[in-house]
Amino acid sequence: MVSVSGLSHRFDTKWVLRDIEFEVAAGEIAVIMGSSGGGKTTLLKCISGLLRPTEGEILVDGVSVVRDPDHALAKLGLVFQYAALFDSLTVEDNVLFGLRRARKVAQSEEKEILGRLLEQVGLEDVESKLPSELSGGMRKRVGLARALCMEPQVLLYDEPTSGLDPVTAYSIDRLIVETRDRLGLTSLVVSHDVSSIFRVADRIIFLHQGEILFNGSPVDFRAVQDGPIGELIGKARSESLELADL
Ligand SMILES: Nc1ncnc2c1ncn2[C@@H]1O[C@H](COP(=O)(O)OP(=O)(O)OP(=O)(O)O)[C@@H](O)[C@H]1O
Ligand SMILES: [Mg+2]
């Protein structure tokens, strides 16, 4: 469903992504993780059409993001870090924003769509609230409802659990998996939260200094002992052992 090939990007003379190749199958949840400065945000920007890569190709359902961005991007939904809602608009106006711009919608249809989307993300009685009246986790849910409103085939999540307490982060991870299960959506999640990664990922893609260091299953990822991945796994293990000692 998402295919990236020969993707390289440089800012001025500095190459920050080098020959990135991977595929994410329909319905799969792929987590992109990696060291700070590894190129995750740059990769996500290329996939979401915000940045034109220096070289390479990105296909979404067979359509090129580089050559035919409007057509390809209509298949993508973005769930931004910190939800990025419009502060002065109600939940209803935020969720229906893209849809109202795209086409004329009758009030009864709007009501039906809004009700369905809010139910899907587990929210009730929030239609007329402003983002400032919601908790961080609720705002993330509204951000997801807004992305789902345009009926994308692929969802891109940028750090969906950052800034959330562990319990709320857990509920958002559940929501990512439930959304995929219910709608069959292909999902790409940029994350650095190790416990979250193992809860949601079917595939892990690890970027290090602009290159893919690992692309495979969570089980194989856990077995890596060397290098930056081994270090990360070792740290996560010792933290969970400390927790077990409490
Ligand atoms: N607009 C830019 N101009 C120049 N260099 C940039 C720009 N954006 C990113 N970089 C550089 O590209 C490299 C990759 O950055 P990127 O933000 O993609 O990493 P990241 O994996 O998202 O890191 P983090 O985990 O810290 O968010 C870094 O060395 C960064 O300094
Ligand atoms: Mg980043």
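Domain 1 and domain 2 bury about 1000 Å² between them, and 67% of that area sits on carbon and sulfur atoms. On the domain 1 side, the residues that give up the most area to domain 2 are Pro-152, Leu-175 and Arg-182, which together make up 41% of what that side buries. Keep in mind that this is a predicted model.

So much for the area; here is the layout behind it. Domain 1 comes in two stretches of the chain, 2–75 and 152–245, while domain 2 is the single stretch 86–151. Taken over C-alpha atoms, the centres of the two domains are 26 Å apart. Where they meet, 17 residues of domain 1 are in contact with 11 residues of domain 2.

What about polar links across this interface? Four residue pairs are in polar contact between domain 1 and domain 2, with both partners at pLDDT 80 or more. Salt bridges are another story: the rule finds zero of them across the interface.

Which elements of domain 1 give two or more residues to the side that touches domain 2? They are β7 (154–158) and α6 (166–183). Helix α6 supplies the largest share of that side, with seven residues. By residue type, the domain 1 side splits into nine nonpolar, six polar and two charged residues.

Now for the ligand. Ligand 1 is surrounded by a set of residues that includes a run you can follow along the chain: Ser-35, Ser-36, Gly-37, Gly-38, Gly-39, Lys-40, Thr-41 and Thr-42. Phe-11, Lys-14 and Val-16 are also among the residues around ligand 1.

Three of the surrounding side chains come with a distance to an oxygen atom of ligand 1, listed here.

| Residue | Side-chain atom | Distance to an oxygen atom of ligand 1 |
|---|---|---|
| Ser-36 | polar atom | 2.6 Å |
| Thr-41 | polar atom | 2.8 Å |
| Thr-42 | N or O atom | 2.5 Å |

If you want to find these spots on the model, look for ligand 1 beside Ser-36, Thr-41 and Thr-42, and for the domain interface look to α6, which gives seven residues to the side of domain 1 that touches domain 2.

Conventions. Residues are numbered from 1 along each chain as its sequence is written. Chains are lettered from A and ligands numbered from 1 in the order in which they are written. This is a predicted model: local features need pLDDT of at least 70, side-chain atom pairs count only at pLDDT 80 or more; totals for chains, interfaces and linings use all residues. Side-chain values use heavy atoms; hydrogens and water are left out. Domain bounds come from an automatic or database domain assignment. Contact means heavy atoms within 4.5 Å. Buried area is the accessible area (1.4 Å probe) that two parts lose on being put together, summed over both. A salt bridge is a side-chain nitrogen of Lys or Arg within 4 Å of a carboxyl oxygen of Asp or Glu. A polar contact is a pair of N or O atoms within 3.5 Å; within protein, one must be able to donate a hydrogen and the other to accept it, and residues adjacent in sequence count only if both atoms are side-chain atoms. Helices (H or I, at least four residues) and strands (E, at least two) are DSSP runs, numbered from the N terminus. Ala, Val, Leu, Ile, Met, Phe, Trp, Tyr, Cys and Pro count as nonpolar, Asp, Glu, Lys and Arg as charged, and the others, Gly among them, as polar. A residue is near a molecule or strand if one of its heavy atoms lies within 4 Å of it.
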